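Me: I'm new to looking at protein structures and would like some help reading one. Could we go through it together, feature by feature?

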Amino acid sequence: MNTTIPHNIKIIQHSLQKNVKLIAVSKTKSNQEILDAYSAGLRDFGENKVQELQTKFAELPQDINWHFIGHLQSNKVKYIAPFISLIHSVDSIKLLQTIQKEAVKNNRTIACLLQFHVAQEDTKHGLTIEEAKEILQSDDFKALTHVEIQGIMGMATFTDNTEQVAQEFEKLNTIFEELKHNYFSAQSSFIYKSYGMSQDYMVAMQHGSNMVRIGSTIFGSRI
Ligand SMILES: *Cc1c(COP(=O)(O)O)cnc(C)c1O
């Protein structure tokens, strides 16, 4: 039992606003490290590789809510469709259609977030607001019976420039409000704003985040 992990979790939990959900990003971390976080009470874990997630799902407690946070290829959706709690990284109608198909096969509805690109690095995947609107207005989207869009996800530029990071999070906040206003009812399940990681989650919360994805501050650096 690694006592650093529960200690780190406690510190983070004290710093979170009350409405903010913590996703523990466990990519590259061992089952034992995940169990240490589980024993501290966490049930929501994020992974970015399909195969690693499949293995961990099979080996770890069944009441864990698994979040997929990496780039997702359509041909791999089938491996996570039976159990995934929330796919954060949806960036095309094609991917949504595949998720729909696999959700139907598994007789479940799969919750998804639309990922937006607001960072300066062009390595980060995601939609523009125009692309998202095109998807949400399309007949193809309206035909999806087993997909539920529950909000948005994004990443800020990796920089020490807090002002720039704040601007990018504010952009995500505005995107959320605009989509909610135009395409979802107030009572809908379009509620999550997934942004903020170890180095910037305090700034993210100041700009409306209600779901933070934290890895290294919980588990230590991944090297
Ligand atoms: C790795 C990762 C995180 C967590 O990063 P940390 O800096 O370790 O907190 C969050 N979101 C995504 C999409 C990631 O890939």
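**Surface, size and fold**

Reply: Let's start from the outside: the protein chain exposes about 10,800 Å², and carbon and sulfur atoms supply 49% of that area. Accessible areas come from the Shrake-Rupley method with a 1.4 Å probe, and for residues only the protein chains shown count as cover. Before we go on, keep in mind that this is a predicted model, where local features need pLDDT of at least 70 and side-chain atom pairs count only at pLDDT 80 or more, while totals for chains, interfaces and linings use all residues. Residues are numbered from 1 along each chain as its sequence is written, and side-chain values use heavy atoms, with hydrogens and water left out.

Me: How many helices and strands are there in the protein chain?

Reply: Helices (H or I, at least four residues) and strands (E, at least two) are DSSP runs, numbered from the N terminus. Here you get 10 helices and 8 strands. The radius of gyration of the protein chain is 17 Å, close to the 17 Å that the globule rule gives for 223 residues, so the chain is as compact as a globular protein of that length. That radius is taken over C-alpha atoms, and the rule is 2.2 Å times the number of residues to the power 0.38. Along the principal axes, the C-alpha atoms fill a box of roughly 50 × 45 × 35 Å.

Me: What percentage of the residues of the protein chain count as buried?

Reply: Buried means under 20% relative accessible area, exposed over 50%, and partly exposed in between (1.4 Å probe, protein chains only). By that cut-off, 51% of the 223 residues are buried. Contacts are another thing to read: a contact means heavy atoms within 4.5 Å. Take the contacts in the protein chain with a separation of 6 or more: residues 24 or more positions apart account for 60% of them.

**One helix, two sides**

Me: Which residues of helix α3 are buried?

Reply: First, the general idea. An α-helix has 3.6 residues a turn, so residues three or four places apart point the same way. Now the case here: in α3 (residues 50-59), Val50, Leu53 and Lys56 are buried. They cover an arc of only 130° around the axis, which puts them on the same side of α3. The arc is that of the directions from the helix axis to the C-beta atoms. Gln51, Ala58 and Glu59, on the other side of α3, are exposed.

Me: What covers the buried residues of α3?

Reply: The cover includes helices α2 (31-39) and α4 (77-80), along with strands β2 (44-47) and β3 (65-68).

**Single residues**

Me: Is glutamine 150 buried or exposed?

Reply: Look at the percentage. Glutamine 150 sits in strand β6 (residues 147-155), and its relative accessibility is 15%, so it counts as buried. Leaving out residues up to four places away in sequence, glutamine 150 touches Leu86, Ala111, Cys112, Leu113, Ser189, Phe190, Ile191 and Tyr192.

Me: Where does leucine 144 lie?

Reply: Leucine 144 is in the loop between α7 (139-142) and β6. A loop residue can be buried too, and leucine 144 is, at 13% relative accessibility. Among the residues it touches, not counting those up to four places away in sequence, are Ile93 and Leu96. Leucine 144 and isoleucine 99 are 45 residues apart along the chain, and their C-alpha atoms are separated by 9.3 Å.

Me: How far apart in space are glutamine 17 and asparagine 210?

Reply: They are 8.3 Å apart, C-alpha to C-alpha, with their positions 193 residues apart in sequence. Glutamine 17 belongs to the loop between α1 (4-15) and β1. Its relative accessible area is 36%, so it is partly exposed. Glutamine 17 touches Met205 and Gln206, not counting residues up to four places away in sequence.

Me: What is phi of threonine 28?

Reply: Phi is about 70°, a positive value, although threonine 28 is not a glycine. Threonine 28 lies in the loop between β1 (21-25) and α2, and is exposed, with a relative accessible area of 52%. Asparagine 107 has a positive phi too, near 55°, and is also a residue other than glycine. You'll find asparagine 107 in the loop between α5 (93-105) and β5 (110-117), and at 68% relative accessibility it counts as exposed.
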